[in-house]
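Student: I would like to go through the charged side chains of this model and the terms used for them.
Tutor: Put your questions once the structure is shown.
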Amino acid sequence: MRNRRFVIALVLALAFLFRLVVGLCSPFWTTDDEKQIYLIGFKFYATRNWPYFGPDVTSAIQVPGALQGLAVGLPLEILPIPEAPFIFLNLLSFASLAFFAWYCSRRFAAIPRWLIWAWLLTAPWTVNLSTNIFNPSYALCGAILFFVGAIETYPFLSRELIARRWSNLMMGFGLFWVMQFHLSWVVLLPYAVLSFYFQFRSEAKLGWRGLAWFLLGAVGPASLLLPTFVKYGLADGLGSTNETVAFGVQNILQQANIVEGVLGRFLSFASYEVPRFIGSNTAGRLAFLREHLWLAPFTVFLILVGILQCIAMFFLWLRKKNGEKDWRAMKYFMLGTVVLLYASFLFSLKSPVSHTFYVTLPVAMLYGFYCWNDFLQKKLWRSFALIVIVSGIIFEAGLAVHNYEHSSLYLDRARVQQAISSKNYRVLGERRPGSRY
């Protein structure tokens, strides 16, 4: 038993280090968003001024709340080196994904635990985004807590794996956590309303008790939001985020594309969507393959697997039966999520690119496990899944080496260290014009 626990602990430690290395090698200097998120926290560290606002939506719109600044700045107080915010983020994302893996392992007894854990910790959308300093990366932690909590309060999906009070507490915490990192928090509101509809319908006393636990969970992150409204008032404290609501004709046209629209991007969260991370266009992706010919077989293989995964998840929705008794409920829950996203983007200033609704990744992943549940009970499919996961790890290692050389923090780490040592954020860069702090 001790040896088994030691092996498990060692594997998890190696998985964390792998994810941390991928995160540290992620694009930093070549993408402005990541550097701006870093600067929000670094400015707090350097000036000691309270970060009343977080990420920029546009040059004139900012997300209210201090969580983003604290999440990046406080780790620098503990360990004043450039890697500190990455370490903290990876602790957060690893812990939340480990919790989600535990939860999924309990729901899908027929799928080997090693496979669930390996997939969630190394899938392209979890290892490439949630390890890098980017505001949706932080939002994922709250999203996992929120969706697990919400699902455990729905009578049609609950497995009673988590006590009702903790489910409500997680929902409250998760909602107000995401609220300070990304505007996609509004997508979570209908799920919370649905949860309390069922809770109050079951018994009013239980509903009020659940609401009390929800508010208790919200207290922590919400307390970091209050100073913004105390200082700026309700109207200015919103950071003009209310102006992001706008009927978008262009979004309707984009959503009509089943591949590049909401449905294709949503299903891609639970697949090997490799192209997204090797280049922004076909020319860039081909250049990546030419530069790393040894990696080409793994990359092409994973691209094909990813395409087939999305096609399969699309058509498997039509299946009437599944090894899981609540398959019908899950597939309509997934459909409801997609419909909600389509409706949301009709009134969004932002177009439906993947990171704008990254918060729904837990739903996509859960739906994916339902789709593969019957297949993964067979040895042949388990062996194939192992080959795919190993190929994915090799690909991610190769991609990390590429990013390390072309776009990572380590292209000019000395400059970041100088900024930290001198506590002069301007050495690193300037916040966007008009940014409030």
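Student: Are Arg 107 and Asp 326 buried or exposed?
Tutor: Both Arg 107 and Asp 326 are buried. This is a predicted model, in which local features need pLDDT of at least 70 and side-chain atom pairs count only at pLDDT 80 or more, while totals for chains, interfaces and linings use all residues. Residues are numbered from 1 along each chain as its sequence is written, and side-chain values use heavy atoms, with hydrogens and water left out.

Student: Why is Arg 107 called buried?
Tutor: Buried means under 20% relative accessible area, exposed means over 50%, and partly exposed lies in between (1.4 Å probe, protein chains only). Arg 107 has a relative accessible area of 2%, so Arg 107 is buried.

Student: What makes Arg 107 and Asp 326 a salt bridge?
Tutor: The term requires a side-chain nitrogen of Lys or Arg within 4 Å of a carboxyl oxygen of Asp or Glu. The side chains of Arg 107 and Asp 326 meet at 3.1 Å, N to O, so the pair satisfies the rule. Arg 107 lies in helix 4 and Asp 326 in the loop between helix 15 (296-316) and helix 16 (327-345), so the pair ties together parts 219 residues apart in sequence. Helices here are DSSP runs (H or I, at least four residues), numbered from the N terminus.

Student: How do you know that Glu 152 and Arg 107 form a salt bridge?
Tutor: Their N to O distance is 3.7 Å, so the 4 Å limit is met. Glu 152 is in the loop between helix 7 (135-151) and helix 8 (164-178), and Arg 107 is in helix 4 (residues 84-107), 45 residues apart. Glu 152 is buried because its relative accessible area is 1%.

Student: What makes Glu 324 and Arg 159 a salt bridge?
Tutor: The closest N and O atoms of Glu 324 and Arg 159 are 2.7 Å apart, so this pair also falls within 4 Å. The pair links the loop between helix 15 and helix 16, which holds Glu 324, with the loop between helix 7 and helix 8, which holds Arg 159, 165 residues apart. Glu 324 is buried because its relative accessible area is 11%.

Student: How many salt bridges does the rule give?
Tutor: The count comes to 13 salt bridges. Asp 32, Asp 33, Asp 56, Arg 431 and Arg 432 are linked in a network of salt bridges.

Student: Why is Arg 4 called exposed?
Tutor: Arg 4 has a relative accessible area of 55%, so Arg 4 is exposed. Arg 4 lies in helix 1.

Methods
Helices (H or I, at least four residues) and strands (E, at least two) are DSSP runs, numbered from the N terminus.
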